[in-house]
Amino acid sequence: MINTQIAKMTLHRLALPFRGKFRHATAERSAGDNIILQLELGNGQVGYGETLARPYVTGETPDSVVESIQRVFLPILMETKPEGFGEVIELLERLPFT
């Protein structure tokens, strides 16, 4: 049996500078505020996900995204031990997206 349970989660917040300022009607930025989620499975496989929270687009802030990952999504993911791709898809369909 393959160990697909999450063994480790690491959140990285990165301020990645742009080559120049980016400006539009609702904001001006000189760097991205990226949030990278790194998950390591019990079998040693590592995967990554990334998001850019924008209050004026989604209503989320970098802090609210980190809090949601830690409070809502991580407890669900840590309890799950999918045995195949189909079970992963079923899990994703049950996650509380709002």
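**Exercise 1. The surroundings of Ala7**

Task: Determine which residues Ala7 touches, not counting residues up to four places away in sequence, and decide whether Ala7 is buried or exposed.

Solution. Step 1: In this predicted model, Ala7 touches Glu40, Leu41 and Gly42 once residues up to four places away in sequence are set aside.

Step 2: Ala7 is found in strand E1.

Step 3: The relative accessibility of Ala7 is 52%. A residue is called exposed when this value is over 50%, so Ala7 counts as exposed.

Step 4: A distance may be added. Between the C-alpha atoms of Ala7 and Arg54 there are 30 Å, and these residues are 47 residues apart along the chain.

**Exercise 2. A residue of strand E2**

Task: State whether Ile36 counts as buried or exposed, and list the residues with which Ile36 is in contact, leaving aside its neighbours within four places in sequence.

Solution. Step 1: Ile36 lies in strand E2.

Step 2: The relative accessibility of Ile36 is 17%. The limit for a buried residue is under 20%, and therefore Ile36 counts as buried.

Step 3: With its neighbours within four places in sequence left aside, Ile36 is in contact with Thr10, Leu11, His12, Leu14, Tyr48, Gly49 and Glu50.

Step 4: Thr58 is 22 residues from Ile36 in sequence, and in space the two are 17 Å apart, C-alpha to C-alpha.

**Exercise 3. The length and bend of helix H1**

Task: Check whether the distance between the end C-alpha atoms of helix H1 agrees with the span expected from its 18 residues, and find where H1 bends.

Solution. Step 1: Helix H1 covers residues 62-79, which makes 18 residues.

Step 2: The expected span is 1.5 Å times one less than the number of residues. For H1 this gives 26 Å.

Step 3: The end C-alpha atoms of H1 are 25 Å apart, which agrees with the expected span.

Step 4: H1 bends by about 45° at Phe73. A proline, Pro75, follows within four residues.

**Exercise 4. The buried residues of helix H1**

Task: Name the buried residues of H1 and the elements against which they pack.

Solution. Step 1: The buried residues of H1 are Pro62, Val65, Val66, Ile69, Phe73, Leu74 and Leu77.

Step 2: A general rule helps in reading such a list. An α-helix has 3.6 residues a turn, so residues three or four places apart point the same way.

Step 3: The buried residues of H1 pack against three strands and a helix: E1 (6-24), E2 (27-41), E3 (46-52) and H2 (85-94).

Step 4: Val72 is also placed in helix H1. Its relative accessible area is 22%, and therefore Val72 is partly exposed.

Step 5: Leaving aside neighbours within four places in sequence, Val72 is in contact with Glu67 and Pro96. The C-alpha atoms of Val72 and Pro96 are separated by 8.0 Å, although the residues are 24 residues apart along the chain.

**Exercise 5. Salt bridges**

Task: State how many salt bridges the structure holds, and describe those formed by Arg13 with Asp63 and by Glu28 with Arg23.

Solution. Step 1: Side chains of opposite charge can pair when their charged atoms come close.

Step 2: The structure holds five salt bridges. One of them joins Arg13 and Asp63, whose closest N and O atoms are 2.6 Å apart. This pair links distant parts of the chain, since Arg13 is in strand E1 and Asp63 is in helix H1, 50 residues apart.

Step 3: Arg13 is partly exposed, at 41% relative accessible area, whereas Asp63 is exposed, at 54%.

Step 4: Arg13, Asp33 and Asp63 are linked in a network of salt bridges.

Step 5: Glu28 forms a salt bridge with Arg23, with 3.5 Å between the closest N and O atoms. Glu28 also meets Lys21 in a salt bridge of 3.2 Å, N to O.

Step 6: Glu28 is partly exposed, with a relative accessible area of 44%. Lys21 is exposed at 56%, and Arg23 counts as exposed at 57%.

**Exercise 6. A nonpolar patch on the surface**

Task: Identify which residues form a nonpolar patch on the surface, and locate Phe85.

Solution. Step 1: The patch is formed by Phe85, Ile89 and Leu92, which together have about 300 Å² of accessible area.

Step 2: Phe85 is found in helix H2. Phe85 has a relative accessible area of 65% and is therefore exposed.

Conventions
Residues are numbered from 1 along each chain as its sequence is written. This is a predicted model: local features need pLDDT of at least 70, side-chain atom pairs count only at pLDDT 80 or more; totals for chains, interfaces and linings use all residues. Side-chain values use heavy atoms; hydrogens and water are left out. Helices (H or I, at least four residues) and strands (E, at least two) are DSSP runs, numbered from the N terminus. The bend at a residue is the angle between axes fitted to the seven residues ending there and the seven starting there. Buried means under 20% relative accessible area, exposed over 50%, partly exposed in between (1.4 Å probe, protein chains only). Contact means heavy atoms within 4.5 Å. Patches are made of residues with over 30% relative accessible area and no salt bridge: like charges are joined within 9 Å, nonpolar side chains (Val, Leu, Ile, Met, Phe, Trp, Tyr) within 5 Å. Accessible areas come from the Shrake-Rupley method with a 1.4 Å probe; for residues, only the protein chains shown count as cover. A salt bridge is a side-chain nitrogen of Lys or Arg within 4 Å of a carboxyl oxygen of Asp or Glu.
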